[in-house]
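Colleague: Could you take a close look at one part of this model for me, the surroundings of the ligand? I would like to know what kinds of residues sit there, and how that part fits into the fold.

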Amino acid sequence: MMTVNSTITRLNQRTAPIDLGHEARLWLIPGILGDAATALFHTLCNQLPWDRPRVRVFGREHPVPRLTCWVADQGISYRYSGLTHEGRGWPPALDALRRRVTELTGRTPNGALANLYRDGDDSMGWHRDNEPELGAHPWVLSYNLGAARDFAFRPYGSGRQSRVIALEHDSLLIMSPEVQTHFEHALPRRRRVREARLNLTFREIVGAGPARERERSFRQDPRATS
Ligand SMILES: O=C(O)CCC(=O)C(=O)O
């Protein structure tokens, strides 16, 4: 099993990290699949069983501003938008990408949350990926296809955006565990963007249970707003 330090060493050998402060680091690796990326984009857009969950925000229910799909090992579940989503295995179309992500990072994620932003009107609100089932050291490996979009960070609790990174087609953004402790991230609306973008955040689910269910049932899903 890769430790936090061995993952950092491996990534530093490939590319210099972007330091957000508080030991929160990002690594951005462009062009990880090459020519195969465009075909993968179209296959996933057409073949993943996309859903558009409805969430309750300030007492009113509305659909999230994007399409979503949970892909994971059989039985690996993840709770978002008020529902538990069960893993049913991986589509063969993702085999090469999963191998490549593991080759680059040494990590072996067992699930991925896919989000499809149909154009620049679709977005994701400020949040952290720090759910209990991601464990104490959540690595998030975020792969991007389609239109380039800005990805924003701000210190947790500050309310002021501190960094924006453009995420381009076929790039992999790796967030160290401290990113989820000290920073929130968001995909802001960008009206000028007319093309679709697909993102897969690979995650390692290490456990779920009553504590997580309790926490989520009292919390509004922050991803719901844009
Ligand atoms: O689409 C993105 O790049 C953001 C995805 C994200 O923040 C998430 O899945 O938690």
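Modeller: Happy to! The shell around the ligand is made up of 4 nonpolar residues, 5 polar ones and 1 charged one. Please keep in mind that this is a predicted model. The residues surrounding the ligand are Leu113, Asn115, Met124, Asp129, Ser142, Phe151, His185, Leu187, Asn199 and Thr201. Strand 8 (111-117), strand 14 (183-187) and strand 15 (197-203) are the elements that each contribute two or more residues to this shell.

Now for the fold. Strand 8 and strand 15 belong to an open sheet of 7 strands, with the order 1-2-13-10-15-8-5 and antiparallel pairing. At its edges are strand 1 (18-21) and strand 5 (67-72), each of which pairs on one side only. From one strand to the next, the twist averages 20°.

Further along the sheet, strand 10 (residues 140-146) pairs with strand 13 (residues 171-175) in the antiparallel sense, over 5 bridges. Here leucine 141 stands opposite isoleucine 174 of strand 13.

Two helices are worth following as well. Helix 2 (residues 36-47) packs on the sheet and touches strand 8, strand 10 and strand 15, its direction making about 95° with that of strand 10. Helix 3 (residues 95-105) runs at about 130° to strand 10, and lies across strand 2 (24-29), strand 10, strand 13 and strand 15. If you trace strand 15 in the viewer, you will come to residues of the ligand shell as well as to contacts with helix 2.

How values were computed: Residues numbered from 1 in each chain as written. Predicted model: local features only at pLDDT ≥ 70, side-chain atom pairs only at ≥ 80, totals over all residues. Near = placed C-beta within 6 Å. Helix = DSSP H or I, 4+ residues; strand = E, 2+ residues; numbered from the N terminus. Nonpolar A, V, L, I, M, F, W, Y, C, P; charged D, E, K, R; others polar. Pairing = 2+ DSSP bridges. Axes fitted to C-alpha atoms, helices over the stretch in contact; angles between N-to-C directions. Contact = placed C-beta atoms within 7 Å.
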